[in-house]
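User: I'm new to this one. Can you walk me through it?
Analyst: Yes, here it is.

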Amino acid sequence: MPTPVRVLEWNGASIWVFADAPSACCAAADRIVQVIQSGVNNRGKAVLGLATGATPIPIYERLVAQHRAGELSFADVTTYNLDEYYPISPADPRSYHAYMHRQLFGHVDIAPNRAHVFDSTVPEAFAAEHVAQYDRWIAADGGLDLQVLGIGRNGHIGFNEPEELPVEEALRLPSRLVDLHPVTRADASRDFGAEPQVIPRALTLGVAPILSACSILVLAFGTQKAEIVARSVRGPMTALVPASLLQSVPRRVTWMVDEAAAQALGTGRG
Ligand code: F6R
């Protein structure tokens, strides 16, 4: 496993700073492999929460390469993706279904019925029941062994967007249908061609099920993430910076960032 150039601690969470994003992604992939192997050895299965976006692509490439080399099997792995635009067909290349198929599911031996992504074809009247069912499936699977997260420039995790809400309420947010924040829509325009074309709503895993994971790995790369990483780990905890809510479960959280994303962090504490 590549070693971080330094490890900081802020508010109880560990922040592993790597020389560059590829090194961080190697370390993150290795961590995922460890979780898969120990889950499969100890309880016959591993349950992962997965993210999409640009950040984890090299991680999926590494996992696929290890699978192709005969070193890694997904036969006993169950996955739950964080989010999906709503509404969208899984066949739409901009959907997170299609992304996951391109990046991972289409190249490994995961059972299709264990690779869960929200169904964004459900009629809106059934969306709340669908996402509640998704939370129940995760619980019935014994919870997430590891949740992998990216972070939006606005601090979103999954599509839990910044909002004015008391922290206690924000920590209890379940999976639900949400409106995307303007910064999220602007960033998503790279996949949709232009901002007006971005699907403005999404189904997302809630803050509460994310925080219930046994361990949480947050990845952030590049200078454009530096300010929000610092606000998330140094506090204060606020629903206006959803990633700061991870401070409520600090010992379960590891950040893996590159030097650029760490530049506003200072030397850390503890
Ligand atoms: C994706 C997700 C989002 C992204 C975040 C960062 O499933 O839940 O929260 O992790 O928007 O996206 P990138 O990695 O493209 O910067």
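**Ligand and pocket**

Analyst: A polar side-chain atom of Thr52 is 2.7 Å from an oxygen atom of the ligand, a polar contact being a pair of N or O atoms within 3.5 Å. This is a predicted model, where local features need pLDDT of at least 70, side-chain atom pairs count only at pLDDT 80 or more, and totals for chains, interfaces and linings use all residues. Residues are numbered from 1 along each chain as its sequence is written, and side-chain values use heavy atoms, with hydrogens and water left out.

User: How far is the side chain of His156 from an oxygen atom of the ligand?
Analyst: An N or O atom in the His156 side chain lies 2.6 Å from a ligand oxygen. With Ala54 it is a backbone N or O atom, at 2.9 Å from an oxygen atom of the ligand.

User: How much of the ligand does the protein bury?
Analyst: The protein buries 91% of the 410 Å² that the ligand exposes when taken alone. Those areas come from the Shrake-Rupley method with a 1.4 Å probe.

User: How many residues surround the ligand?
Analyst: There are 14, and the closest are Thr55, Asp83, His156, Arg190 and Lys225. A residue counts if one of its heavy atoms lies within 4 Å. By class the shell has 4 nonpolar, 7 polar and 3 charged residues; Gly is counted as polar.

User: Which space does the ligand take?
Analyst: The ligand occupies the largest pocket, meaning more than half of its atoms lie within 2 Å of the pocket's grid points. A pocket is an open set of points on a 1 Å grid over the protein atoms alone, where a 1.4 Å probe fits, with protein on both sides within 12 Å along at least five of seven lines; lining residues have an atom within 4 Å of a point.

User: What is the volume of the largest pocket, and what lines it?
Analyst: The largest pocket holds about 490 Å³ of space. Its lining has 25 residues, and Gly53, Ile151, Gly152, His156 and Arg190 are the closest to its centre. The largest share, 6 residues, comes from α6; helices are DSSP runs of H or I with at least four residues, and strands are runs of E with at least two.

User: New topic. Where are the cis peptide bonds of Pro87 and Pro236?
Analyst: One runs from Tyr86 to Pro87, with omega near -10 degrees, and Pro87 is in the loop between β5 and α3. Another joins Gly235 and Pro236, with omega about 0 degrees. Most peptide bonds are trans.

How values were computed:
Points joined across faces, edges and corners; volume = space filled by probe spheres on them. Polar contact = N/O pair within 3.5 Å; in protein donor to acceptor, adjacent residues only side chain to side chain.
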